[in-house]
Amino acid sequence: MNAEIRKIVAEHARLAVDVDSLADDADLYQAGMTSHASVNLMLALEDAFDVEFPDSMLKREVFESVAAIAGALGQLQQEAAA
Amino acid sequence: MGLRAGIDMASVEAVSESLREHGDRYLQRVYTAREIDDSHRGGTLDPQRLAARFAAKEAAMKMLRVAGDEAVPWHAIEVVRQPGGWVALELHGRAAELAAEAGLGELAVSIAHECGYASAVVIAETREDSRYWTHER
């Protein structure tokens with residue numbers, strides 16, 4: 001899952017650095033992602049993983065790192081499967 | 001009385017790109033129906049106006065001091081065009097709760113767009129005395 005997330009981050013997060021130079025827990029906002037870019041990232045993740053982030057997950061920490069995104073997507077997929 | 005301020009800017013090109021890539025989903029997730037209506041110019045959606053509204057929402061988030069683990073959807077902060085042409089902020093849901101918890105009073109917002117960027121400043125009255133100077137004699 002993390003490889004797919006990294007690909008989407010590279011395409012939509014408008015980072016100032018190569019995402020592959022960042023650790024999974026590196027802060028994407030510190031790496032240059034703007035709040036507006038995080039909207040594009042969210043919509044692209046929804047398309048790719050066929051999920052929808054509810055209002056309760058629209059918080060900065062959910063999109064803060066590759067690891068955080070993976071955790072949130074895992075939670076959404078679990079909820080969808082339940 | 002004290003004051004709180006928040007400032008932000010947004011790229012008009014980034015908004016145009018979001019409209020091209022995500023279209024209506026982008027609009028519906030970020031902007032309220034009134035904001036979308038107010039962002040039309042001559043019957044066409046104006047990305048400059050949308051960018052200004054996005055900047056105002058983010059400026060308000062800063063003014064509210066929204067923590068990283070706090071969920072405040074973009075719709076909870078609404079920029080409303082006034083009959084005179086200027087804009088005002090309306091807070092809903094969690095944004096309104098945060099404002100109440102912080103004891104905020106009047107809000108003021110100003111937006112501008114030029115050279116490919118939109119910017120916004122939000123100022124709020126607080127109950128606390130935020131003055132850092134004293135009047136010692």
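**Entry 1: a pair in helix α1 of chain A**

I began with Lys7(A) and Glu11(A), which are four residues apart in helix α1 (residues 2-12) of chain A and are therefore separated by about one helical turn. The model I am reading is a predicted one, and I keep that in mind for every distance below. Lys7(A) forms a salt bridge with Glu11(A), and I noted 3.7 Å between the closest N and O atoms. I then looked up how open the two residues are: Lys7(A) is partly exposed, with a relative accessible area of 47%, and Glu11(A) also counts as partly exposed, at 48% relative accessibility.

**Entry 2: salt bridges within chain B**

Over all chains the count comes to 16 salt bridges, and I picked out two that lie within chain B. In one of them, Glu78(B) pairs with Arg34(B), the closest N and O atoms being 2.7 Å apart. This pair links distant parts of the chain, since Glu78(B) sits in strand β4 (residues 77-81) of chain B and Arg34(B) in helix α2 (residues 33-38) of chain B, with their positions 44 residues apart in sequence. Are the two partners buried or partly exposed? Glu78(B) is buried, with a relative accessible area of 5%, whereas Arg34(B) counts as partly exposed at 36% relative accessibility.

The other pair is Arg41(B) with Asp46(B), whose side chains meet in a salt bridge at 2.8 Å, N to O. Here Arg41(B) is partly exposed, with a relative accessible area of 42%, while Asp46(B), at 9% relative accessibility, counts as buried because the cut-off for that class is under 20%.

**Entry 3: chain B as a whole**

I stepped back to the fold of chain B, where I find four helices and seven strands, arranged along the sequence in the pattern β-α-α-β-β-α-β-β-α-β-β. Its C-alpha atoms fill a box of roughly 60 × 30 × 25 Å, taken along the principal axes. Of the 137 residues in chain B, 45% are buried, and the accessible surface of the chain comes to about 7,400 Å², with 51% of that belonging to carbon and sulfur atoms. I also checked the contacts in chain B between residues at least 6 apart in sequence, and 58% of these join residues at least 24 apart.

**Entry 4: the contact between chain A and chain B**

Next I turned to the interface, with the question of how many residues each chain brings to the contact. Chain A gives 19 residues and chain B gives 20 residues. The two chains bury about 1,700 Å² between them, 55% of it on carbon and sulfur atoms. Arg14(A), His36(A) and Leu43(A) supply 33% of the area that chain A buries against chain B, which is more than any other three residues.

For polar features, I counted four salt bridges between chain A and chain B, and the rule finds twelve residue pairs in polar contact across this interface, both residues being at pLDDT 80 or more. On the side of chain A that touches chain B, helix α2 (residues 35-49) of chain A gives the most, with nine residues. By class, that side of chain A has six nonpolar, five polar and eight charged residues.

**Entry 5: Arg29(B) and the charged network**

I followed one residue of chain B into the interface, namely Arg29(B), which lies in helix α1 (residues 12-30) of chain B and counts as buried at 16% relative accessibility. Its side chain makes a polar contact with the side chain of Glu46(A), at 2.9 Å. Arg29(B) touches residues of both chains, among them Met42(A), Leu43(A), Phe53(A) and Leu58(A) from chain A, and Trp74(B) and His75(B) from chain B, with residues up to four places away in sequence not counted.

Glu46(A) also meets Arg25(B), side chain to side chain, in a salt bridge of 2.8 Å, N to O. Which residues are joined into one network by salt bridges that share partners? I find Glu46(A), Asp47(A), Arg25(B) and Arg29(B).

**Entry 6: Ser38(A)**

Last, I looked up Ser38(A), which is found in helix α2 of chain A and is buried, with a relative accessible area of 6%. Leaving out residues up to four places away in sequence, Ser38(A) touches Tyr29(A) and Met33(A).

Conventions:
Residues numbered from 1 in each chain as written. Chains lettered and ligands numbered in written order. Predicted model: local features only at pLDDT ≥ 70, side-chain atom pairs only at ≥ 80, totals over all residues. Heavy atoms only, no water. Contact = heavy atoms within 4.5 Å. Buried area = accessible area lost by both parts, 1.4 Å probe. Polar contact = N/O pair within 3.5 Å; in protein donor to acceptor, adjacent residues only side chain to side chain. Helix = DSSP H or I, 4+ residues; strand = E, 2+ residues; numbered from the N terminus. Nonpolar A, V, L, I, M, F, W, Y, C, P; charged D, E, K, R; others polar. Buried < 20%, exposed > 50% of the residue type's maximum accessible area, 1.4 Å probe, protein only. Areas by Shrake-Rupley, 256 points an atom, 1.4 Å probe, with all protein chains shown as cover.
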